[in-house]
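Reader: I am new to this structure and would like to learn how to read its features one by one. Could you take me through them?

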Number of protein chains: 2
Amino acid sequence: MTYCIGVLLDEGVVLASDSRTNAGIDRVSTFRKMFSFDKPGERFFTLVTAGNLSLTQGVVSLMTEWLNNENPDQDLYAVTSMFGAARVVGNALREIHKVDAGYLQQQEVDFTASFILAGQLKGGQLRLFMIYDAGNFIEAMGDTIYFQIGEVKYGKPILDRIIHHDTSLNDAAKCALISFDSTMRSNVSVGPPLDLMIYRRDSLKPGFTVRLEDDDPYLQAVREGWGGAIHKAFHDIVHDPGWDI
Amino acid sequence: MTYCIGVLLDEGVVLASDSRTNAGIDRVSTFRKMFSFDKPGERFFTLVTAGNLSLTQGVVSLMTEWLNNENPDQDLYAVTSMFGAARVVGNALREIHKVDAGYLQQQEVDFTASFILAGQLKGGQLRLFMIYDAGNFIEAMGDTIYFQIGEVKYGKPILDRIIHHDTSLNDAAKCALISFDSTMRSNVSVGPPLDLMIYRRDSLKPGFTVRLEDDDPYLQAVREGWGGAIHKAFHDIVHDPGWDI
């Protein structure tokens, strides 16, 4: 399994991914699921991936091979909009699908892969997309400013309660870590280290990135602080329902 | 969809269920999913149900028809242990399966049904079981003192953080309502009214039951109190990671 989040805010964008992969519970490994394609001053892209590792790695490899081929359907450095960039991810996924899907089907392996893409081109808006198995995609806008892929449910309630468009980048990162903590507590196939990327809107330079190991002091502070705070919050709700138990 | 919880505590047991059912998003109805079979002073049973409504209703109808037939494989009033009572639920489910599964298969409808059963017989322990589709079951014990069925993920983190064997019945009920609130916010196919049952260990009388409509003052107090408390808890975590964003 996997868990990734992308949050689009007034100040910028926050992406986070775990790094655990498993092929059965007895084959657990660590793989990076966050990839950046930047041209400082001109364009910024970061991608996080979920699904079958051979497929997602294939997509990232193909997108890397396509760089500088100057075909705007393939080359992230040649696209003229974020819509075009999301299409490149979809095109790479469809290319891999063409090659591999039949063989996977023969082995009864699902063709599952999904992506969150954040990016900005000079003169354009910062935008956030989620790309599905079929290569189609949707964009964050209006009331929906975050996307999750992978094991999305355990960590959703905290995002719904905290994240708003005017949440600060630091607070969104903290909220993402709490969301990951809730997920990792419930699903052992989501695990550290966590990769975090924070991009300030219009900066057009590579986002700030950090890899948080399980014993990272900030991750620990958030985890312990949250555990204690939740207990306090729970006991602060004082209302006698007047039930005769 | 459905969401039900059962929590086994030193003080007793708490069961909760929602009441929304849907056959497609354009056929949404309200059905009770909590059923009690009591003989005050002698035995107490409460069952909550998830899955295909025709199957779970069939199981409850059959269990009701079997009452007083004095067959300990079928009659909850004739069983001599909670293990036997869990078997009765499994037997009813297998009986329905025998009759209906083939027809459901023809229509490509999954045979899904699961149950949480709490109960106590005079002279015996209070016990909590979860019964699966196939009529087999597991029992809460040791570190695992709660079960969930239906849409289980959104509401799990709060249970993991708050519920311990020595949690009071009132606190467990409050925690269950928070867990339901998180679930109902994320999945519209889980909805009020909520049925809540609280049984005090060794009382051998019907549990305290209450139906909470969406505008119930206690449900509202918990919901609003929790929303505010979560924000406070989030901002109370003060730790500067020292990132140069």
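Reader: How many salt bridges are there over all chains?

Author: Side chains of opposite charge can pair when their charged atoms come close. In this predicted model, the count comes to 26 salt bridges over all chains, taking a side-chain nitrogen of Lys or Arg within 4 Å of a carboxyl oxygen of Asp or Glu as the rule.

Reader: Which residue meets K156(A) in a salt bridge, and where do the two lie in the chain?

Author: The partner of K156(A) is D160(A), with 2.9 Å from N to O. Both belong to helix α3 (residues 156-162) of chain A, and because they are four residues apart there, about one helical turn separates them. As for their surroundings, D160(A) is partly exposed, its relative accessible area being 24%, whereas K156(A), at 18% relative accessibility, counts as buried, since the cut-off for buried is under 20%.

Reader: Which parts of the chain does the salt bridge between D181(B) and R223(B) link?

Author: In this pair, the closest N and O atoms of D181(B) and R223(B) are 3.2 Å apart. The bridge links distant parts of the chain, with D181(B) in helix α4 (residues 169-186) of chain B and R223(B) in helix α5 (residues 217-236) of chain B, 42 residues apart. D181(B) counts as buried at 5% relative accessibility, while R223(B) is partly exposed at 24%. Salt bridges that share partners join these two with R161(A) and D214(B) into one network.

Reader: How are the two copies, chain A and chain B, related?

Author: One looks for the movement that superposes one copy on the other. Here a rotation of 180°, with 0.0 Å of shift along its axis, places chain B on chain A with an RMSD of 0.0 Å, and the two copies are therefore related as by a two-fold rotation axis. The same surface serves both copies, as 100% of the contact residues of chain B recur in chain A. Of the residues of chain B, Y154(B) comes closest to the rotation axis, its C-alpha lying at 2.4 Å.

Reader: What span should helix α1 of chain B have, and what covers its buried residues?

Author: At 1.5 Å a residue, the 14 residues of this helix (residues 53-66) should span 20 Å, which agrees with the 20 Å between its end C-alpha atoms. Its buried residues include L55(B), V59(B), L62(B) and W66(B), and among the elements that cover the buried residues of α1(B) are β6 (43-51) and α2 (82-106) of chain B. After α1(B) comes N68(B), whose phi is positive, near 70°.

Definitions and conventions:
Residues are numbered from 1 along each chain as its sequence is written. Chains are lettered from A and ligands numbered from 1 in the order in which they are written. This is a predicted model: local features need pLDDT of at least 70, side-chain atom pairs count only at pLDDT 80 or more; totals for chains, interfaces and linings use all residues. Side-chain values use heavy atoms; hydrogens and water are left out. Copies are superposed by least squares on the C-alpha atoms of residues with pLDDT of at least 70 in both. Contact means heavy atoms within 4.5 Å. The expected span of a helix is 1.5 Å times one less than its number of residues. Buried means under 20% relative accessible area, exposed over 50%, partly exposed in between (1.4 Å probe, protein chains only).
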